[in-house]
Amino acid sequence: IALNPRAWVDNMTSIPAEDIVKIKLVTRLALDNVRKGLCSEYDFNALAAVTNTQWLLAESGVGGDNLDEIKAAQAALMAAQHRFDAIGRYGFDGRGLVAVTESLDIHDAQIDLCTKGEYRRALQGVYQRMNAGEVLI
């Protein structure tokens, strides 16, 4: 077994502030584009990726008391995808917009609290589930 001292440090180190700002900016701009009726596939995927990642963070104990809110956001994203499939445009109803906004607030708190290692493991878990055919949204 090879030991990686860098992995141990990453498991204990907070996500750098500049990375947190970038993540928050991308997701808030994506949500703003939804509100304006300008949501692109990139915007939708950014919101879906964050929701999937926060689900796995919650499962691991970072914000785990917020699973109902995360589920509501995922349901809103599924509805937005169905809307896109039907009319070619992403959008949320009022409840969906509230759910996704609350979900982003929760994600913001999660990334302020979690370590780089926890976030990396959550991202890896999302990819593993996607590759296994388990779609989270």
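User: Is Phe84 buried, partly exposed or exposed, and what is its relative accessible area?

Analyst: In this predicted model, Phe84 has a relative accessible area of 31% and is therefore partly exposed, since buried means under 20% and exposed over 50%.

User: How many aromatic pairs are there, and which residues do the ring pairs link into a cluster?

Analyst: Rings pair if their centres lie within 6.5 Å, and planes under 30 degrees apart count as stacked. By this rule there are 2 aromatic pairs. In one of them, Phe44 and Tyr90 have ring centres 4.5 Å apart and planes at 10 degrees, so this pair is stacked. Because Phe44 lies in helix α3 (residues 41-59) and Tyr90 in the loop between α4 (67-87) and α5 (94-113), the pair ties together parts that are 46 residues apart in sequence. The rings of Phe84 and Tyr90 are stacked as well, with their centres 4.3 Å apart and their planes at 10 degrees. Ring pairs thus link Phe44, Phe84 and Tyr90 into a cluster, in which Phe44 is buried at a relative accessible area of 5% and Tyr90 is buried at 6%.

User: What span should helix α6 have, and which of its residues are buried?

Analyst: An α-helix has 3.6 residues a turn, so residues three or four places apart point the same way. For the 16 residues of helix α6 (residues 116-131), a rise of 1.5 Å a residue gives an expected span of 22 Å, and the end C-alpha atoms are 22 Å apart, which agrees. The buried residues of α6 are Lys116, Gly117, Tyr119, Ala122, Gly125 and Val126. Just after α6, Gly133 takes a positive phi of about 85 degrees.

Key. Residues numbered from 1 in each chain as written. Predicted model: local features only at pLDDT ≥ 70, side-chain atom pairs only at ≥ 80, totals over all residues. Heavy atoms only, no water. Phe/Tyr/Trp six-rings, centres within 6.5 Å; stacked < 30°, edge-to-face > 60°. Helix = DSSP H or I, 4+ residues; strand = E, 2+ residues; numbered from the N terminus. Buried < 20%, exposed > 50% of the residue type's maximum accessible area, 1.4 Å probe, protein only. Expected span 1.5 Å × (residues − 1).
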